[in-house]
Amino acid sequence: MKEILMSSGVGFAVGALCTFLRLPIPAPNVLPGVLTIVFMYFGYLTIKWFIQ
């Protein structure tokens with residue numbers, strides 16, 4: 001749970017800083033890019049679950 005809170009806080013801070021400095025966000029801004037990241041994570045979790 002601690003990792004989730006820390007990563008959420010860092011993500012929020014980076015997003016806020018990029019907006020404040022008028023920089024583009026360091027993440028894909030199109031749906032296929034976002035879905036690629038999401039499904040890479042789901043694939044990781046699935047294989048990790050099968051291994052255990």
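# Notebook: two helices and a greasy patch

Leu-35 comes out as partly exposed, because its relative accessible area is 36% and that class runs between 20% and 50%. I should jot down early that I'm looking at a predicted model. Leu-35 sits in helix 2, which covers residues 31-51.

**Entry: the patch**

Next I looked up which residues go with Leu-35 on the surface. It belongs to a nonpolar patch together with Leu-31, Val-34, Val-38, Phe-39, Tyr-41, Phe-42, Tyr-44 and Leu-45. Their accessible area together is about 860 Å².

**Entry: the rings**

How many aromatic pairs does the structure hold? I found 4 of them. To describe a ring pair, I need the distance between the centres and the angle between the planes. For Tyr-41 and Phe-42, the ring centres are 6.5 Å apart and the planes are at 40 degrees, so I wrote the pair down as tilted. The label works because stacked needs under 30 degrees and edge-to-face needs over 60.

I also checked how open these two residues are. Tyr-41 has 48% relative accessibility, so it goes down as partly exposed. Phe-42 has 43%, so it is partly exposed too. Then I followed the ring pairs along: they link Phe-39, Tyr-41, Phe-42 and Tyr-44 into a cluster. Those four names are also in my patch list.

**Entry: what the record says**

I looked up UniProt next. Its unreviewed entry lists residues 7-25 and 31-51 under "transmembrane region". What does the chain look like over each span? Residues 7-25 are 74% helix and 0% strand, and their end C-alpha atoms are 16 Å apart. Residues 31-51 are 100% helix and 0% strand, with the end C-alpha atoms 30 Å apart. The second span carries the residue numbers of helix 2.

**Entry: helix 1**

Helix 1 takes in residues 2-20. I tested its length against the rule of 1.5 Å a residue: its 19 residues should span 27 Å, and the end C-alpha atoms are 27 Å apart, so the two agree.

I picked two residues in helix 1 to look at. Ser-8 is in this helix, and it counts as partly exposed because its relative accessible area is 45%. Thr-19 is in helix 1 as well, but at 57% relative accessibility it counts as exposed, because the cut-off for that is over 50%.

**Entry: the loop**

What is the phi of Arg-22, the residue I noted after helix 1? It is positive, near 60 degrees. That caught my eye because most residues other than glycine have a negative phi. Arg-22 is not a glycine, yet its phi is positive all the same. Arg-22 lies in the loop between helix 1 and helix 2, and at 78% relative accessibility it counts as exposed.

Pro-26 is in the loop between helix 1 and helix 2 too. Is Pro-26 buried or exposed? With 63% relative accessibility, it is exposed.

**Entry: distances**

Last, I looked up some C-alpha to C-alpha distances.

- Pro-26 and Gly-15 are 11 residues apart in sequence and 8.2 Å apart in space.
- Thr-19 and Gly-33 are 14 residues apart in sequence and 20 Å apart in space.
- Ser-8 and Met-40 are 32 residues apart along the chain, and their C-alpha atoms are separated by 19 Å.

Note on methods
Residues are numbered from 1 along each chain as its sequence is written. This is a predicted model: local features need pLDDT of at least 70, side-chain atom pairs count only at pLDDT 80 or more; totals for chains, interfaces and linings use all residues. Side-chain values use heavy atoms; hydrogens and water are left out. Patches are made of residues with over 30% relative accessible area and no salt bridge: like charges are joined within 9 Å, nonpolar side chains (Val, Leu, Ile, Met, Phe, Trp, Tyr) within 5 Å. Accessible areas come from the Shrake-Rupley method with a 1.4 Å probe; for residues, only the protein chains shown count as cover. A salt bridge is a side-chain nitrogen of Lys or Arg within 4 Å of a carboxyl oxygen of Asp or Glu. Helices (H or I, at least four residues) and strands (E, at least two) are DSSP runs, numbered from the N terminus. Buried means under 20% relative accessible area, exposed over 50%, partly exposed in between (1.4 Å probe, protein chains only). Rings of Phe, Tyr and Trp (its six-membered ring) pair if their centres lie within 6.5 Å; planes under 30 degrees apart count as stacked, over 60 as edge-to-face and the rest as tilted. UniProt positions are given in the numbering used here, feature names are shortened, and annotations may be inferred rather than shown by experiment. The expected span of a helix is 1.5 Å times one less than its number of residues.
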